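Trainee: Got a minute to go through this one with me? I'd like to start with how helix directions get labelled.
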Amino acid sequence: MNSLTLLITCGVLAFFACTSTPDQEPLSLAEDERAKWIEDGIALPESDSLYYLEHPSPLFRKEFKATKLVKSAKLSITAAGYFKASVNGAAIKENVLDPAWTDFSKRIYYSEYDISSLIEQGANCLGVSLGNGFYNPLPLRKWGRRNLRKDLTVGKPVFIAKLLIQYENGDTEEIVTDSSWKYTLGPIIKNSVYIGTAYDANREVEGWNIAGFDDEEWKVATIGRSPGGKLEKAFFPAVAIKQEIIPVDIRSPEKGLWVVDMGVNFTGTYRIKLAGNAGDTISFKFGERIYEDGKVNPMTTVTGQIKRPGIGGPGAPAIAWQTDSYILGDKKEQWFNPDFTYHTYRYMEVKGLKEKPKTEDIRGLFMHSDVINQNSFSSSSPLLNDIQEASKRTFLANLVSVQSDCAAREKFGYGGDLNATSETFIYNFDMQSFYRKTIYDWVDAMKDSTFVDTAPFTGVEYCGISWESAYLTTQYYLYLYYNDTDLIHELYDLNNKWMDKVARIHPEGLVSEGLSDHESMEPVPVQLTGTSHYLQCARIMATFAKEMGNAEDADKYEKLANQLKNQIRAEYWDKSFSGEINKQTLFSTLLYHKIVPEAEVPAAFDSLLVAIRNGPSQHLNTGIFGTKYALEVLAEYGSPNAVFDIVNSRDYPGWGYMIDRGATTIWETWKESDNTYSNAHPMFGTVSEWYYRWLAGIRPDPEKPGFKEFYISPTNPEGLESARAVYNSPYGEIVSKWHKQASEGYLYEISVPNGSLAKVNLPFRPSQSITITTDNGQKPETEIEGLQTGQFSLTEGKYIIKVGA
């Protein structure tokens, strides 16, 4: 085929396929101008109230022929909104809620699927259905004022795709989205990422995505408007269904109403078998809790606190709770698995079924970003294990392409929660690529003169530097835990501009505006926490400048850090603070950020202990930042039991108090909430970080980032018999395991991956002895220097260490 013939063939949009010879490199979806954004051509409603009416999701189809033996077939596809794709009637099931949420005007990620096994010799059909996602949200007025249709880039859902087929003879064929596709309206009559999906089985189109279907009455797809964002191939884990949950109970609190208890709180949807008369409507309502009468309590998951008429805007429901509905068709067996939405729930209320649903006919579908989940912690304390399990479930429930603070009420990627918990997430999962995506979300969200609170940006701008600084702190943790220096080099100029913006907004240094220690039980001035985050950012930039080889910038940021440290110290340490303040957060913040002079650290720590003794039940009463700080400095400067006695308690306020009251995910507040606050909120899950960092003692060395060198410094609280942690570093698996033996002795098992060095510091008294062997019972080949002091280094290998009399 000569170049002129190829140009003519590829240029005819009505003909969807383009065949090329082996020496031509196929274009990616982002590069191929023949691939068009397509849609159904139906105009969006003209007023807000009309968005709440039925607007069926479109079904698109395209038939093509595989003319030769197929070697491989790759489908590249994305949407503004959500898409669900199929080939010859077989759904592509790897991902759900695709594509990832971004600012669609700035960047859009596309997925690639190997569909070789689905392509048949001869006639084939591609099918795509479209959902609204965050690109076409309802005009719900969250808190009575925030309308995503005003705050986000929104529009008519559109999608773009390219199928590349490679034949055994070396030829390729490419099918792209264009005006040769056809569409009709399908059975999903409503879909909202917040309040749910409505499905009418009587509108199902049998065989619509199979070759040979008669689409004569279908309409021609419309070439739509591009959302504007740059197309980029997704490099991070997609959202997937990762667990099927079996209900533990099904009860009927009143006639015609069934409440399904999934046993745990989670994020996702469900699959249920339905029966009844054609035209009957089955409705579903979801919540994290139940009322005393056994009915579902949906109030902790209500969208944007819309809980009475008039709050949500024209056409909005009086209470914006999570709901789905299904209109039965005439099939004998009908299964419902809602698309294009996700809920946070433990309890599902089903109304409209004439008979009790069977347990085997219902499954909860836990969906989240498919982060690698190979790290683990366990101990001899059942309570600590329950807290860890609840924490991890909470974290995963809030990973749906963005890290949210609550996956039902808002679903937003708040920076404050990221600032507080990113290290904790990293200890539990491989977060490198997910957090890279998160940082690009912040790049797209930021403004030149103000701070924003969420990425993607959702119109919220009052929380201040402690929220937007997550853009920089997350970069640092990627550097510290993964030695991700490429990102530092890529964003260094922008990071400098960001620091310049902070200086313009806070020219005096001290931060005067923004949200402080959210959900602290006592007041905390933003001047303390906000300026501390500014200080943290200055230190990070000094580190980044050294990585860049920029001595001038390093000196500038070190001077800024010293200035901020001295300002905080002058206000909050050198003199008594006259206002009302949470002293636990106060002293924890000063110690965590190394603001107190070294000689005065014992006095600051004693003051923290006094503040804790004066706290409720001698527990923490700190908020989003103070809790992380307190756990860290109590462990660093205190005895092994300084944290353990709090965490292992069931008194209020605390994690054990939550677990004792049936929590299977971590609450947003220390106090139990059955109406206002989320019951699946990550910020108090920072306790999991303490498990890895101090009970197991696995900590990175800031001077050797990425675990080239790292610390193993476990602690042995009185009352805990054993602990075990597995952390997968860039060099491989690190294991720190210990258990108590007779006569106050301890047995440690440590694994050090190839290419790295563990700096070990074991609890040790001079009267004790230490012996070490490899896992096969042999002595190490070389003598371990410093072994009898309890402080020594270990290279690659698996070791068993006994400390005893």
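Mentor: Sure. Angles under 35 degrees count as roughly parallel, over 145 as roughly antiparallel, 65 to 115 as roughly perpendicular, and the rest as oblique. Keep in mind that this is a predicted model.

Trainee: OK, so at what angle do helix 7 and helix 9 pack?

Mentor: About 50°, and their axes are 10 Å apart. Helix 7 covers residues 470-482 and helix 9 covers residues 526-548. That angle is why the two helices are oblique to each other.

Trainee: And is the crossing left-handed or right-handed?

Mentor: Left-handed, as helix 7 passes helix 9.

Trainee: Which residues in helix 7 and helix 9 meet?

Mentor: From helix 7 you get Leu472, Thr473, Gln475, Tyr476, Tyr477 and Tyr479. On the helix 9 side they meet Gln536, Cys537, Ile540, Met541, Thr543, Phe544 and Glu547. By type, the contact splits into eight nonpolar residues, four polar and one charged.

Trainee: Switching topic: how many disulfides does the structure hold?

Mentor: Zero.

Trainee: Why no bond for cysteine 537?

Mentor: Distance. A disulfide needs the two sulfurs within 2.5 Å, and the closest cysteine sulfur to that of cysteine 537 is in cysteine 463, 15 Å away, so it's too far for a bond.

Trainee: Then what about cysteine 463?

Mentor: Too far as well: its closest cysteine sulfur belongs to cysteine 406, at 13 Å.

Trainee: Are those two, cysteine 463 and cysteine 537, buried or exposed?

Mentor: Cysteine 463 is buried, at 2% relative accessible area. Cysteine 537 is buried too, with 0% relative accessibility.

Terms used
Residues numbered from 1 in each chain as written. Predicted model: local features only at pLDDT ≥ 70, side-chain atom pairs only at ≥ 80, totals over all residues. Heavy atoms only, no water. Axes fitted to C-alpha atoms, helices over the stretch in contact; angles between N-to-C directions. Helix = DSSP H or I, 4+ residues; strand = E, 2+ residues; numbered from the N terminus. Left-handed = near helix turned anticlockwise from the far one by under 90°. Contact = heavy atoms within 4.5 Å. Nonpolar A, V, L, I, M, F, W, Y, C, P; charged D, E, K, R; others polar. Buried < 20%, exposed > 50% of the residue type's maximum accessible area, 1.4 Å probe, protein only.
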